[in-house]
Amino acid sequence: MAVPLYQAKAELFRTLGHPARIRVLEILQDGPRPVRDLLAAIEIEPSSLSQQLAVLRRTQMVTAMREGNTVVYALSTPDVADLLRTARRILTEMIADQGELLAELREQGAEVAGS
């Protein structure tokens with residue numbers, strides 16, 4: 001039986017629900033990277049990185065290729081980078097809206113204090 005689309009989307013977003021996985025995907029936007037580069041950039045324990053990479057592989061967000069003794073990871077599709085860019089735009093808009101609200105609240109607070 002096929003998984004409903006909403007359930008598949010929920011699984012995708014659960015996959016994105018860990019900061020280390022997001023960071024891996026961000027780094028891989030610039031191109032394939034060996035595990036040693038990911039470890040240096042993310043600064044987590046090798047076993048933790050291995051777990052996070054396994055989750056990303058299982059959900060097919062990344063691919064792994066062996067080059068000699070080195071495993072190199074890459075985004076499975078450019079759409080993953082597009083998703084991260086879209087998330088950045090959404091967050092930027094949300095923060096801008098919050099900044100405007102904060103400015104309005106401060107302005108009203110100053111008016112009340114001045115009364």
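**Sheet, core and pocket of the predicted model**

Three strands make up an open sheet in the order β1-β3-β2, with antiparallel pairing, where strands (E, at least two residues) and helices (H or I, at least four residues) are DSSP runs numbered from the N terminus, and two strands pair if DSSP finds at least two bridges between them. The structure is a predicted model, in which local features need pLDDT of at least 70 and side-chain atom pairs count only at pLDDT 80 or more, while totals for chains, interfaces and linings use all residues. Residues are numbered from 1 along each chain as its sequence is written, and side-chain values use heavy atoms, with hydrogens and water left out. The edge strands, β1 (33-34) and β2 (62-67), each pair on one side only. Between β2 and β3 there are six bridges, and R66 stands opposite V71 in β3.

In soluble globular proteins, nonpolar side chains tend to be buried together. The largest nonpolar core, a set of buried (under 20% relative accessible area, 1.4 Å probe, protein chains only) Ala, Val, Leu, Ile, Met, Phe, Trp, Tyr and Cys residues joined through side-chain atoms within 4.5 Å, has 17 residues, and V24, L25, L28 and L38 have the most contacts inside it. At least two residues of this core come from each of α2, α3 (35-42), α4 (46-58), β3 (70-75) and α5, and the largest share, four residues, is supplied by α2. Apart from neighbours within four places in sequence, L25 is in contact (heavy atoms within 4.5 Å) with L16, L56, M61, V62, L75, V80 and L84.

The largest pocket, an open set of points on a 1 Å grid over the protein atoms alone where a 1.4 Å probe fits, with protein on both sides within 12 Å along at least five of seven lines, is lined by 13 residues (an atom within 4 Å of a point). Of these lining residues, L83, L84, R85, A87 and R88 lie nearest the centre of the pocket, and α5 gives the most to the lining, with eight residues.

Notes: Buried < 20%, exposed > 50% of the residue type's maximum accessible area, 1.4 Å probe, protein only.
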